[in-house]
Structures are given as C-alpha cells and as structure tokens.
Amino acid sequence: MITPTKGIAPDRCLLAVGAQVLLQLDEPRTVSQAWARLKSWRADQAPTSPVSFEWFVLALDILFAMGVVELDQDVLVARSMDAAPSER
C-alpha cells in the first residue's frame, strides 16, 4: 500500500498520492480544499486512476507520520523540510 506492489500501481501507492497531495498544498488549505484540488488534478493527470477519499486520508496519515504536514487550526500546512529539526 505504501509503495507500489504487484497489486498497487505506482500512481496509486500512498507515497505517490501523498506527493500529489503535497503539490496541492502550495499554501495552507482545509482538508476539503486539498481533497477537491487533488481530485481535479488527478482527473487531468490520471483520468483512469481515481483515488477514493479513504485513500486520500491514508496518504495524509502517511504524510503526518513522516512529519511533512500538520493540521494547524483546521488547516493543512506543508512543513518546510529545509528547517532544522529544532525549528519544526
């Protein structure tokens, strides 16, 4: 699920979907806004490979566990990865 396997296509693995979510977080957005932008982006980029909301949430879980995103006052924020660990 996290990485591509024989049963999970590379564009549907959670790391790929997470990267696509990060592309939508060029500025802080609500979960609903990020979901709507991801659906629209995927419809343009991979029209034959839709992602469910559950898969989107799992991708957010992976990103949160990796420390890449955080929820700040009900808004998703992509953390800067060039900051020192004490600044995160």
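Arg12 sits over the face of Trp55, 5.5 Å from the centre of the ring. The model is a predicted one, and the contacts described below are those of its predicted coordinates. Trp55 is also one of the H3 residues that meet helix H1, and the packing of H1 is a convenient place to continue.

Helix H1 covers residues 14-24. Its buried residues are Leu14, Ala16, Val17, Gly18, Gln20, Val21 and Gln24. They pack against two other helices, H2 (31-45) and H3 (53-65). Leu23 belongs to H1 as well, but this residue is exposed, with a relative accessible area of 53%, because the cut-off for exposed is over 50%. Two packed helices are described by the angle between their axes and the distance between the axes. Both helix pairs of H1 can be treated in that way.

Take H1 and H2 to begin with. Their axes come within 9 Å and cross at roughly 110°. H1 is therefore roughly perpendicular to H2, because angles of 65 to 115 degrees fall in that class. The crossing of these two helices is right-handed. On the H1 side the contact is made by Val17, Gln20, Val21, Leu23 and Gln24; on the H2 side it is made by Ala34, Arg37, Leu38, Trp41 and Arg42. Leu23 thus appears in the contact with H2 although Leu23 is exposed at 53%. Val17, Gln20, Val21 and Gln24 are among the buried residues of H1.

The second pair is H1 and H3. Here the angle is about 85° and the axes are 8 Å apart, so that H1 and H3 too are roughly perpendicular to each other. From H1, the residues involved are Leu14, Leu15, Val17, Gly18, Val21 and Leu22. They meet Trp55, Phe56, Leu58, Ala59, Leu60, Ile62 and Leu63 of H3. Val17 and Val21 are listed in this contact and also in the contact with H2.

How are H2 and H3 linked by aromatic side chains? A search of the whole structure gives three aromatic pairs. One of them joins Trp35 and Phe56, with 5.2 Å between the ring centres and 45° between the planes, a tilted arrangement. Trp35 is in helix H2 and Phe56 is in helix H3, so this pair ties together parts that are 21 residues apart in sequence. Trp35 counts as buried at 16% relative accessibility, because the limit for buried is under 20%. Phe56 is buried too, with a relative accessible area of 0%. Phe53 and Phe56 make another tilted pair, at 5.7 Å centre to centre and 40° between the planes. These two residues are three apart in helix H3, and about one helical turn separates them. An α-helix has 3.6 residues a turn, so residues three or four places apart point the same way. Phe53 is partly exposed, with a relative accessible area of 38%. Trp35, Phe53 and Phe56 together form one aromatic cluster. Phe56 also belongs to the contact between H3 and H1.

Two distances place other residues relative to H3. The C-alpha atoms of Leu23 and Val57 are separated by 15 Å, with their positions 34 residues apart along the chain. Thr5 lies in the segment before H1 and is partly exposed, at 42% relative accessible area. From Thr5 to Leu58 the C-alpha distance is 17 Å, for a sequence separation of 53 residues. Leu58 is one of the H3 residues that meet H1.

The last part to consider is the loop between strands E1 (69-72) and E2 (75-78), where Gln73 is placed. Asp74 is found in that loop as well. Which sign does phi have at Gln73? Most residues other than glycine have a negative phi. At Gln73, phi is near 55°, a positive value in a residue other than glycine. At Asp74, phi is near 65°, again positive in a residue that is not glycine. Gln73 is exposed, with a relative accessible area of 72%, and Asp74 is exposed with 63%; both are classed so because their values are over 50%.

Technical notes: Residues are numbered from 1 along each chain as its sequence is written. This is a predicted model: local features need pLDDT of at least 70, side-chain atom pairs count only at pLDDT 80 or more; totals for chains, interfaces and linings use all residues. Side-chain values use heavy atoms; hydrogens and water are left out. Helices (H or I, at least four residues) and strands (E, at least two) are DSSP runs, numbered from the N terminus. Buried means under 20% relative accessible area, exposed over 50%, partly exposed in between (1.4 Å probe, protein chains only). Contact means heavy atoms within 4.5 Å. Rings of Phe, Tyr and Trp (its six-membered ring) pair if their centres lie within 6.5 Å; planes under 30 degrees apart count as stacked, over 60 as edge-to-face and the rest as tilted. A charge sits over a ring if NZ of Lys or CZ of Arg is within 6 Å of the ring centre and within 35 degrees of the ring normal. Axes are lines fitted to C-alpha atoms, for helices over the stretch in contact, and angles run from 0 to 180 degrees between N-to-C directions. Angles under 35 degrees count as roughly parallel, over 145 as roughly antiparallel, 65 to 115 as roughly perpendicular and the rest as oblique. A crossing is left-handed if the near helix is turned anticlockwise from the far one by less than a right angle, and right-handed if clockwise.
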